[in-house]
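Trainee: Could you take me slowly through one part of this model, the acidic residues and their surroundings? I would like to see where each one sits and what lies around it.

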Amino acid sequence: MTMLDAAPTALSASTKLHQRRRPGHALDGEFYTSPTVFEVDIDAVFSRTWIFVATEAEIREPGDYLTVEIGRSSVIVLRDDDEQVRALHNVCRHRGSRLLTEARGDVGNIVCGYHQWTYSTDGTLLHAGQQAPSFDKSCFGLKQVAVRSESGLIFICLADTPPTDFDEVSARVSPYLAPHALERTKVAAQIDLVEHANWKLVMENNRECYHCEAGHPELTETFFPTYGYAPEDIPPRLLPAHARYLAAEAELKRVCDDRGYAHELIEELSGRPSAIRVERAALDGAGESYTMDGTAACRKLLGDLDTARLGRMSLHHQPNMWSHFMADHAVVFSVLPLAADRTLVRTTWLVHQDAVEGEDYDLDHLTDVWIKTNEQDATFCRRAQEGVTDPAYEPGPYAPTEYHVDAFVTWYTERLQEVSR
Ligand code: FES
Ligand SMILES: [Fe+2]
């Protein structure tokens, strides 16, 4: 099939796809396995909504860049010479060559390797060799991609007219992020994991902790396994954990109220393009961080924080990010689809920019819990992908604790509906 054939096929598929959802149930296998649905997803979701791609800490200096692949698009995310974050299509305006071919690096100007057209870091065409007298350089700057930084988290949108509801998201989320001062952080570690599963299975897996108690022994040292349960539905075996949770929550609320830190739950996981969930929640154990005993992994706290006991400020943004901001570090995840059955999960650990490895933090202590948790989740997602590919697969019903998964699938179906109008 040529590219020209593929587009109408994917589009016509999308006119019916959203009708194939049975409320309260997982999706049909085809949603996770079909290359045509994958193309629809790139078009309906990843080309139209705000996508989380990086943290500002990854491009601290003018000229620092990284490249992001979304479907057939490649985008350069960089800090320009005026220190502004920019996103530019990675396509030369001469004959279309990819410009930057590395995953990250730094540039003075952006020089095309083919015939050396040269662009400044804001995308302006500076040099184009010998051209006809009528050639107007100002018409051939690199195409800009919509970009915004929300308190140091960089989002891009490939659409010409990005969803405007992100303004509202930004206004509501920024007070939660502000105390963690991501503008004064550095990358302590970053790990890319290619999961053998559809991107939706990766997100769905993240949206429930039904599997945490049995599946994540390290994470549940500090993450309360009662996540997702309504208080009246908590099974008897989890009641001791729930009692600890209530006590820790009460203390966390006091600590936040004393300091004016936002902590209330915002849960808007469907019904609009820029869907989010935000809350500050207590951690078990020492209550400071995602480590094996809950103690802080970094001695130097983020921003100007005066207490390590701030639990986790968790931010989820559909379609492709979840993240946790503790007092001592932040761990952020981006999910990028590679193929119907392959997904890139990038995990980035941020610490205070002045923290010194070996003195203020130990890398293994900092990263241990989430490295293990990610590996466990990758296994769950791979097995799920294998199962939904099996002809015997039939979508089963969601449990009440899986209401976030249900909301995610609802949001996804809304995006399909939008392109089929
Ligand atoms: S394609 Fe880039 S300079 Fe020719
Ligand atoms: Fe998990």
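Mentor: What follows is a connected walk through several acidic residues, with one serine added at the end. Please keep in mind that this is a predicted model.

Let us begin at the surface, where Glu 61, Asp 81, Asp 82 and Glu 83 gather in a patch of negative charge. One of these, Asp 82, belongs to the loop between β3 (73-79) and β4 (85-89), and it counts as exposed because its relative accessibility is 61%, where exposed means over 50%.

Glu 204 is placed in helix α5 (residues 199-206), and since buried means under 20% relative accessible area, its value of 9% makes Glu 204 buried. Setting aside residues up to four places away in sequence, Glu 204 touches Leu 27, Tyr 32, Val 405, Phe 408 and Val 409.

Glu 218, found in the loop between α6 (212-215) and α7 (239-259), is buried as well, yet Glu 218 has no salt bridge, and the nearest side chain of opposite charge, Lys 372, is 5.1 Å away, whereas a salt bridge requires the nitrogen and the carboxyl oxygen to be within 4 Å. Apart from neighbours within four places in sequence, Glu 218 is in contact with Met 292, Val 369, Lys 372 and Gln 376.

Finally, Ser 334 lies in strand β16 (residues 330-339) and is buried, with a relative accessible area of 4%; not counting residues up to four places away in sequence, Ser 334 touches Phe 52, Asn 320, Leu 344, Val 345 and Arg 346.

Terms used
Residues are numbered from 1 along each chain as its sequence is written. Chains are lettered from A and ligands numbered from 1 in the order in which they are written. This is a predicted model: local features need pLDDT of at least 70, side-chain atom pairs count only at pLDDT 80 or more; totals for chains, interfaces and linings use all residues. Side-chain values use heavy atoms; hydrogens and water are left out. Patches are made of residues with over 30% relative accessible area and no salt bridge: like charges are joined within 9 Å, nonpolar side chains (Val, Leu, Ile, Met, Phe, Trp, Tyr) within 5 Å. Accessible areas come from the Shrake-Rupley method with a 1.4 Å probe; for residues, only the protein chains shown count as cover. Lys and Arg count as positive and Asp and Glu as negative; His and the chain ends are not counted. The place of a charge is taken as NZ of Lys, CZ of Arg, CG of Asp or CD of Glu. Helices (H or I, at least four residues) and strands (E, at least two) are DSSP runs, numbered from the N terminus. Buried means under 20% relative accessible area, exposed over 50%, partly exposed in between (1.4 Å probe, protein chains only). Contact means heavy atoms within 4.5 Å.
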